[in-house]
Each structure stands twice: as structure tokens, then as C-alpha cells.
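Reader: Could you walk me through this protein slowly, starting with the overall picture and then going into the details?

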Amino acid sequence: MNLKQLSLMLDLSQTTVSRALNGYPEVSEETRRRVADAAKRHGYRPNPSARRLATGKAGMIGYVMPTGASVDIDPHFVEFLSGLGDYARAHDLDLVLSPADARDEETTYRRIVANKQVDAVYVSAPRHGDKRVALIHQLGMPFIVHGRSEGLDFDYPYLDIDNEAAFHEATRLLVQLGHKRVALINGDDTQTFAIFRERGVRRALAASGIALPPHLLRSLAMTEENGYRATRSLLEQSEAPTGIVCSSLIMALGAVRAVRDLGLTIPGDLSLIAHDDVFPWLKPENFSVPLSTTRSSIRAAGQRIAERLAARISGLETGARGEIWPVDLVVRGSIAGAPG
């Protein structure tokens, strides 16, 4: 079925059908739903070249992917991308990855905007005063940030989880259980998610007059091996922590291995809470001791980013709306009262 046949069947003009399928705001929600249902029922697929000519849209979401020897593609990114791809595939959007030198992403952003290769972009792993966000804002391309960047003098659209509140609640629970030496194994502390998480831990401890000294803080790339090394170094100190809050379930795998290698137990010697991004292949309840977690699906975040980008492309979403998701705290068997 082509556009003309679909419009005749619906008794609508081809222009109205085209605009309904491409999410134009002047088409009513009732008409948009009617057209979408008919297109799905009869297997109509718009021709990408014709759609671009008619709408001026490429039907593509862009991501500038830093590359180089110092850049790792970790499972968190892959899981997020899977969620984004789920939505994009179901809504006839394509995802374009543009590799860039990690030391010079600006050139790539300028090129894809100048060439009109994509209709919108998303930015991940934001840092304080992130220059990428400032540049895209200046260039006028629709975008959304996955996370938040502080230190910018303008508002911008973003989606984030409440990292500070999540790690505040996790730490407060450990303090309520009598833990006075609580360590944090964090992600890269140049990225704002890690900054917020450290703030949450410090705020919960400070409420009970407890500090987070430098020897109980580790900030590392979120890998299993880094989790192992960080946990060993913490537990081999004379004043070892009795509780650890960990920024990743993947790092927690290493933490559990380190506890076992040192002949200690969870939760007898150490209480452990980790952040769970909800990987389908790594379940906290399947750890040797079911792991307490702060929980928010990074795949769902990818789907929501794609949904909002599609809305911005079509004009259904405008402005600089921020969206912050609450995070669940799930208590399992890996925490107990402080030993001794």
C-alpha cells in the first residue's frame, strides 16, 4: 500500500496522512491514532527518500561516540543503546553513530549539524560545564542529555535518575543498621552521575555526624576488576569499612569476589549495596548472597530518550524540560547490622 491508497481508504488528504505519520502538532491526536492504526494494519511503510523530501527530516537520531585507546564501550552503554534502539525500530527511526576523537568531539558535532545528517542528537556521560551541551545548544539542533551537567548558564532538556537521593537512602539504611565506617566505590568522578552519588553518601553520613574520609572513597571506571581491586584495598586497611555502597552491579561482582578471597562473608563482615541498571543477564537476586540494590532500568531510559527525541523532531516537545526519575531501594540479604 502506498500513501495515495492509504489516504483514499481513510478519506483524508495525502498531506494530512503524511503529517499524521510524521507527528506534526497541527494534526489532532484522534486523526494521528487513526492513521497510525490503519498504516500498521495494512503494512504501510513510508519511503525514506520521499519522507525526507516531504518533511525535510532524515528520520535519524545521532550519537557522537568517542573512540580511541582510552575509551571503553561498557555494558551500561550497550544496554542504554538497546533501549533506544527498541523505540527507534518501532517508530521508523534510525540511529547513526558518528565516531569522534575523544579529545575533539566538537569537530564531529559541527560536521553532522552542517551536513544535516540527523534530526536530533543525544549526549551521554555529561561532565560539569559540559562543552558538548553548550555547543549543541548554540548550533540549534534538537537534543536531549542523558544525565545532567551543572555549571551551564542556560536550561536544556535532559533525562536523569535521582542519583543523589538513591545513594543517600542506601547510605542512610547502613547508618541505621549501626555502620559508622561506610565506603563508596564510585564511577568516574569527573562525570556528574558520580558527583551526585558522592553527595548523597556524604549527606546521609553527615546527618549522623559521620565523615567520608579519602581512604574510604574510590572513583574508577565501572568494571568487575576495578570493583575487585577497590574492595580489596578497602578491606585490607586497619580501619576497614563495615559497609560499602557501590556504583555498579558489575563492580559488585568484583567486590563479592574480593570478600571471598579475603576469607570474609557478606553480610557477616561486610554489608554491600550496589546500583542495579537492570541488566537482563545479571540479576542481583542471583548473587551468592542476594544483593541489596538501588534500582533503575537504563534500558527504559534509552527508550524514553528516543521517545522524547522523536517528539522534539516532530515539534510535539519544545523547551528545556528536565525529567528526573526516582530510584527504588530494594533490600535483600547482603546487609545486616554492623559487626562487633
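Author: We will go from the whole chain to its sheet, and then to some helices and a strand. Please keep in mind that this is a predicted model.

Reader: Okay, so how many helices and strands does the protein chain have?

Author: The secondary structure comes to 12 helices and 12 strands. The C-alpha trace spans about 80 × 40 × 35 Å along its principal axes, and of the 340 residues of the chain, 48% count as buried.

Reader: And what share of the contacts join residues at least 24 apart?

Author: If you take the contacts between residues at least 6 apart in sequence, 68% of them join residues at least 24 apart.

Reader: Now the sheet with six strands, in what order do they come?

Author: The order is E2-E1-E3-E4-E5-E11, in an open sheet with parallel pairing. Strand E2 (94-101) and strand E11 (322-325) stand at the edges with a single partner strand each, so one side of each has no neighbour in the sheet. On average, and ignoring direction, neighbouring strands of this sheet are turned by 25° against each other.

Reader: How many bridges are there between E1 and E2?

Author: Strand E1, residues 60-67, pairs with E2 in the parallel sense over eight bridges. As one example, Thr 67 has Asp 101 in E2 as its bridge partner.

Reader: Which helix packs on the sheet?

Author: Helix H12, residues 298-314, packs there and touches E1, E3, E4, E5 and E11, while its direction makes about 165° with that of E4.

Reader: Changing topic, at what angle do H2 and H3 cross?

Author: The axes of helix H2 (residues 14-21) and helix H3 (residues 29-41) cross at roughly 90° and come within 9 Å, and the two helices are therefore roughly perpendicular to each other. On the H2 side the contact involves Thr 16, Val 17, Ala 20 and Leu 21, which meet Thr 31, Arg 32, Val 35 and Ala 39 in H3. The residues of this contact divide into five nonpolar, two polar and one charged.

Reader: What about H7, which of its residues are buried and which are exposed?

Author: In helix H7, residues 131-139, you will find Arg 132, Val 133, Leu 135 and Ile 136 buried, whereas Lys 131 and Gln 138 are exposed on the other side. Seen down the axis of H7, the buried residues fall within an arc of 165°, so they line one face of the helix. What covers them includes helix H6 (105-114), E3 and E4. After H7 comes Gly 140, whose phi is positive, near 80°.

Reader: You mentioned H6, so is Glu 105 in that helix buried or exposed?

Author: Glu 105, which is found in helix H6, counts as buried because its relative accessibility is 13%, and the cut-off for buried is under 20%. Leaving aside residues up to four places away in sequence, Glu 105 touches Val 64, Pro 66, Ala 100 and Arg 132.

Reader: One last thing, how many residues of strand E9 are buried?

Author: Six of the six residues of strand E9 (residues 271-276) are buried, so the strand is largely enclosed by the rest of the structure. Ser 271, Ile 273 and His 275 point one way from E9, and Leu 272, Ala 274 and Asp 276 point the other way. In general, the side chains of a regular strand alternate between the two faces of the sheet. Strand E8, residues 243-246, runs parallel to E9 and is joined to it by four bridges, and Cys 246 has Ala 274 in E9 as its bridge partner.

Technical notes
Residues numbered from 1 in each chain as written. Predicted model: local features only at pLDDT ≥ 70, side-chain atom pairs only at ≥ 80, totals over all residues. Heavy atoms only, no water. Pairing = 2+ DSSP bridges. Axes fitted to C-alpha atoms, helices over the stretch in contact; angles between N-to-C directions. Contact = heavy atoms within 4.5 Å. Parallel < 35°, antiparallel > 145°, perpendicular 65-115°, else oblique. Nonpolar A, V, L, I, M, F, W, Y, C, P; charged D, E, K, R; others polar. Buried < 20%, exposed > 50% of the residue type's maximum accessible area, 1.4 Å probe, protein only. Arc of directions from axis to C-beta.
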